[in-house]
Amino acid sequence: MGAARRRKPKILRREGIRAARATFPLTQNHVNPARISKLKRLGLVVAGGTGSWAFGADSAQVHSIANIFKPLSAPAEAVYEISLLALLVCAGIFLVVGSLLAYAVVKFRSRPGDEGTEPPQIYGSNQLEMAWTAIPILIVFVLVLVTARTTADVQNHPLPEDSLKVRVVGHQWWWEIHYPDHGVITANELHIPVSSRDQRRPTALRLESADVIHSFWVPQLAGKTDLIPNRANDMWVEPYQTGTFLGNCAEYCGTQHAKMLLRVVVETPEEFARWIASQKAPVVQDSSAQAGRDLFFNTSCVNCHRISGTAAEGVFGPDLTRLMSRSTLAAGAASNTPENLRLWVQNPHTIKPGCLMPDMQLNPAEVEKIVAYLLTLK
Ligand code: CUA
């Protein structure tokens with residue numbers, strides 16, 4: 001793509017942080033302070049967790065924090081390049097204006113004996129007026145042109161015919177993910193193949209919304225793109241490194257906007273093919289959880305959730321066919337452990353206050369049965 005492609009790639013390769021196996025309490029944003037200070041000492045973390053934070057994913061490399069300065073995908077590299085240009089220009093302006101200001105403050109400060117006297121009053125200077133009107137216009141013009149060119153380069157970038165196609169639908173407050181060519185539906189964790197410099201495997205994303213405006217943002221993969229009701233937006237990513245990339249909704253969309261987290265799992269083509277195959281494999285009924293299964297199908301769970309190959313065909317909540325293959329619950333609000341799953345089924349609002357899944361008022365025995373059934377959805 002345009003500038004980013006013609007030049008030699010200057011991707012910043014970087015060791016991601018191996019996620020600790022320690023189980024973190026509830027949310028992804030709860031950070032273990034001991035780990036943070038250790039990472040700070042190593043220079044791996046510059047600030048406290050802003051949006052997403054890596055936790056507990058088994059052995060997969062997690063690209064730790066939301067960071068546009070460590071691009072690992074083609075569109076993100078282009079965004080990174082213009083962000084550097086804009087920062088340099090702004091730093092230049094800051095230095096010039098700051099130095100002039102400091103000079104004036106020192107040179108023309110009030111001195112003993114000044115009391116009551118005014119400095120000479122001078123009216124205007126055509127040259128100065130012209131200069132500080134024209135120069136900012138020129139600077140803004142340059143930034144506009146560079147931005148427009150990069151935006152056009154990213155948008156018009158041709159993708160190979162056989163690119164993976166994924167449809168993402170934003171919901172309050174989770175992500176619905178479809179692989180139309182494979183008949184796979186999942187939620188909140190997008191699996192895609194990795195590209196290499198000579199073998200492109202970009203993923204074309206079609207972004208839609210079921211309710212309000214959301215924004216798809218995985219900083220190390222690409223810029224933000226909004227998901228707008230009654231409209232489809234297109235974007236693409238082409239990561240050069242495997243691992244889990246953390247992202248989040250970047251447009252305020254209601255109470256639980258902050259817990260509308262997103263994970264993108266970038267895999268080798270072989271791993272990706274295995275993942276697709278495992279998602280497509282027929283669901284095996286586990287007879288040990290029959291009681292929970294009956295209960296699930298006799299409560300209103302089925303009105304909102306879909307489980308492939310069963311009568312559960314709800315579309316308001318996430319697809320649960322392979323729930324246990326996902327590492328988080330509630331769009332990244334909690335790690336997917338049996339304890340958290342129990343807490344979630346018992347009362348979702350303890351994990352995600354205000355979320356649209358109702359408290360079903362199940363008694364403890366019923367919660368156990370439902371959880372036992374959900375645990376079989378692998
Ligand atoms: Cu969805 Cu903010």
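This briefing describes the overall make-up of the chain, its largest nonpolar core, and the packing of two helices with the loop that joins them. The model is predicted, and the chain contains nine helices and 14 strands. Of its 378 residues, 36% count as buried, and among the contacts with a separation of 6 or more, 67% are accounted for by residues 24 or more positions apart.

**The largest nonpolar core**

- The largest nonpolar core has 67 residues, and those that touch the most other members are Val-168, Leu-221, Val-264, Ala-330, Ala-331 and Ile-370. Because residues are given to this core by both domain 1 (164–280) and domain 2 (287–374), the core lies between the two domains.
- Val-264, one of those residues, touches Leu-190, Ile-192, Val-218, Leu-221, Phe-245 and Gly-247 when residues up to four places away in sequence are not counted.

**Helices α8 and α9**

- The axes of helix α8, which covers residues 338–346, and helix α9, which covers residues 364–374, come within 10 Å and cross at roughly 125°. An angle of this kind falls outside the ranges that count as roughly parallel, roughly antiparallel or roughly perpendicular, so α8 is oblique to α9.
- The crossing of α8 and α9 is right-handed, and the contact is made on the α8 side by Pro-338, Leu-341, Arg-342, Val-345 and Gln-346, and on the α9 side by Val-367, Ile-370, Val-371 and Leu-374.
- Within α8, the buried residues are Asn-340, Leu-341, Trp-344, Val-345 and Gln-346, and the buried residues of this helix pack against strands β13 (328–329) and β14 (334–335) as well as against α9.
- Leu-341, Val-345 and Gln-346 are buried in α8 and also take part in the contact with α9, while Ile-370 belongs to the α9 side of that contact and is listed among the core residues that touch the most other members.

**Leu-362 in the connecting loop**

- Leu-362 is found in the loop between α8 and α9, and it is partly exposed because 18 other C-beta atoms lie within 10 Å, where 20 or more would be needed for a residue to be buried.
- Not counting residues up to four places away in sequence, Leu-362 touches Val-345, Gln-346, Val-367 and Ile-370, and these four residues are also named in the contact between α8 and α9.
- The C-alpha atom of Leu-362 is separated by 9.8 Å from that of Thr-299, although the two residues are 63 residues apart along the chain.

Conventions:
Residues numbered from 1 in each chain as written. Predicted model: local features only at pLDDT ≥ 70, side-chain atom pairs only at ≥ 80, totals over all residues. Core = buried A, V, L, I, M, F, W, Y, C linked by C-beta atoms within 7 Å. Buried ≥ 20, exposed ≤ 12 C-beta atoms within 10 Å, placed from the backbone. Domains from an automatic or database assignment. Contact = placed C-beta atoms within 7 Å. Axes fitted to C-alpha atoms, helices over the stretch in contact; angles between N-to-C directions. Helix = DSSP H or I, 4+ residues; strand = E, 2+ residues; numbered from the N terminus. Parallel < 35°, antiparallel > 145°, perpendicular 65-115°, else oblique. Left-handed = near helix turned anticlockwise from the far one by under 90°.
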